[in-house]
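Student: Could you take me on a close look at one part of this structure, the salt bridge, and then show me how the parts around it are built? I would love one connected explanation.

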Amino acid sequence: MRGSAKTTVLGALLAGWIFLLPTHFFLSYNRESARLHGLLNNYLVLTLYASELVMFLISLWLLPETRQALSSTWHRLNSRQRRGVKALGLGFLLLGLTQLRAEFPLVAGLSWVKFLALSWFALSLALLNFQYLPSLKRWLVSGLLGAIWFQVSLGWLQYWRQTELIGYPLLGEPHFQAWANLATGHLANGATRYLAYGTTAHPNLLANIVISFAFLSWWLTPTRSRRQTLFFALTSLLAASSLLITHSWTAGLVALSGGGLWLMRPRLAALRLP
């Protein structure tokens, strides 16, 4: 496959992964056997999230480049560094073997496999040839902006309607019912309303994710046209509006501290540390 086509596929997969990160889509396997003292324990349910599936696909897509980069790096290591890498690999193996002695070995083993997959995914991205980076930025920013617009728009619809838009099977939304014990907020007139979840597991997650994504999108595009700057500003306002429908104090602190650092970035860049 040509380099440009391979970069396009990789960019689309990364954008999809970013878009799916805030979602609560997952497949579960042993729900009926994941009960402790008669009560369902979510920590014992074997789950595979949609974002994890895309992460596996990206790791497979980058496998030839990762193997080549690892081989090249290995030949440049001295004997002491190689012993350190082997010790690290042995540590990973021993960590996996200890999962067999856990009270719930299947759940613990799956967690270990996911940890290995995440480590390999991070390594693949770290070793990614930097020639991909300029062309990948556009895809990364598209995933960030798309996630913000989707999550906050869905959140506003949930907050306004006080019910889910379509439901879990298609959007991964929680059930806005009394039995679901969802987070609520109190208005100035004393009324109680369900807070917005988007497709996340909690309103705090929704707000913190979209605020963080907004800062990341600005950071990844230091040079912008006037039209792009206007669209980014509009997206940032939309992300900030999530504070109204989630009542998240932590996200508010993240927005204030992040905004302050962003405004001070010219002075911070001029600092010379001893």
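Tutor: Happy to! In this predicted model, the side chains of Lys114 and Glu52 meet in a salt bridge, with 3.1 Å from N to O. The two partners come from distant parts of the chain: Lys114 belongs to helix 5 and Glu52 to helix 2, 62 residues apart. Both Lys114 and Glu52 are buried. A search of the whole structure finds one salt bridge, and this is the pair you are looking at.

Now stay with those helices and turn to the surface. Leu53, Leu57, Leu60, Leu63, Leu70, Trp120 and Leu123 make a nonpolar surface patch of about 570 Å². Helix 2 (50-61), helix 3 (63-76) and helix 5 (105-126) each give two or more residues to this patch. Helix 2 supplies the largest share, three residues. So what about the tryptophan in the patch? Trp120 lies in helix 5, and Trp120 counts as partly exposed because its relative accessibility is 31%. Helix 2 and helix 5 therefore appear twice in our story: they hold the two ends of the salt bridge, and they also give residues to the nonpolar patch.

Next, move along the chain to helix 6 and look at its rings. The model has six aromatic pairs. One of them is Trp156 with Tyr159, an edge-to-face pair with 6.3 Å centre to centre and 90° between the planes. Trp156 and Tyr159 are three residues apart in helix 6 (residues 133-161), which means that about one helical turn separates them. Here is the general idea: an α-helix has 3.6 residues a turn, so residues three or four places apart point the same way. The two rings have their own surroundings, though. Tyr159 is buried, because its relative accessible area is 11%, while Trp156, at 30% relative accessibility, counts as partly exposed. Tyr159 has another partner too: the charged end of Arg193 sits over its ring, 5.0 Å from the centre.

Helix 6 also leads us to a contact across the sequence. Val152 is found in helix 6 and is buried, with a relative accessible area of 1%. Val152 and Val210 are 58 residues apart in sequence, and their C-alpha atoms are 7.7 Å apart in space. Val210 is one of the buried residues of helix 8, among them also Leu206, Ile209, Phe213 and Trp218.

Helix 8 lets you try a little check of your own. Its 18 residues (203-220), at 1.5 Å a residue, should span 26 Å, and its end C-alpha atoms are 26 Å apart, so expectation and model agree. You can repeat this for helix 9: its 21 residues (226-246) should span 30 Å, and the end C-alpha atoms are 31 Å apart, which agrees. Buried residues in helix 9 include Phe232, Leu238, Ser242 and Ile245.

Finally, see what comes just after helix 9. The helix is followed by His247, which is found in the loop between helix 9 and helix 10 (249-263). Phi of His247 is near 55°, a positive value in a residue other than glycine. At 33% relative accessibility, His247 counts as partly exposed.

Key:
Residues are numbered from 1 along each chain as its sequence is written. This is a predicted model: local features need pLDDT of at least 70, side-chain atom pairs count only at pLDDT 80 or more; totals for chains, interfaces and linings use all residues. Side-chain values use heavy atoms; hydrogens and water are left out. Helices (H or I, at least four residues) and strands (E, at least two) are DSSP runs, numbered from the N terminus. The expected span of a helix is 1.5 Å times one less than its number of residues. Buried means under 20% relative accessible area, exposed over 50%, partly exposed in between (1.4 Å probe, protein chains only). Rings of Phe, Tyr and Trp (its six-membered ring) pair if their centres lie within 6.5 Å; planes under 30 degrees apart count as stacked, over 60 as edge-to-face and the rest as tilted. A charge sits over a ring if NZ of Lys or CZ of Arg is within 6 Å of the ring centre and within 35 degrees of the ring normal. Patches are made of residues with over 30% relative accessible area and no salt bridge: like charges are joined within 9 Å, nonpolar side chains (Val, Leu, Ile, Met, Phe, Trp, Tyr) within 5 Å. Accessible areas come from the Shrake-Rupley method with a 1.4 Å probe; for residues, only the protein chains shown count as cover. A salt bridge is a side-chain nitrogen of Lys or Arg within 4 Å of a carboxyl oxygen of Asp or Glu.
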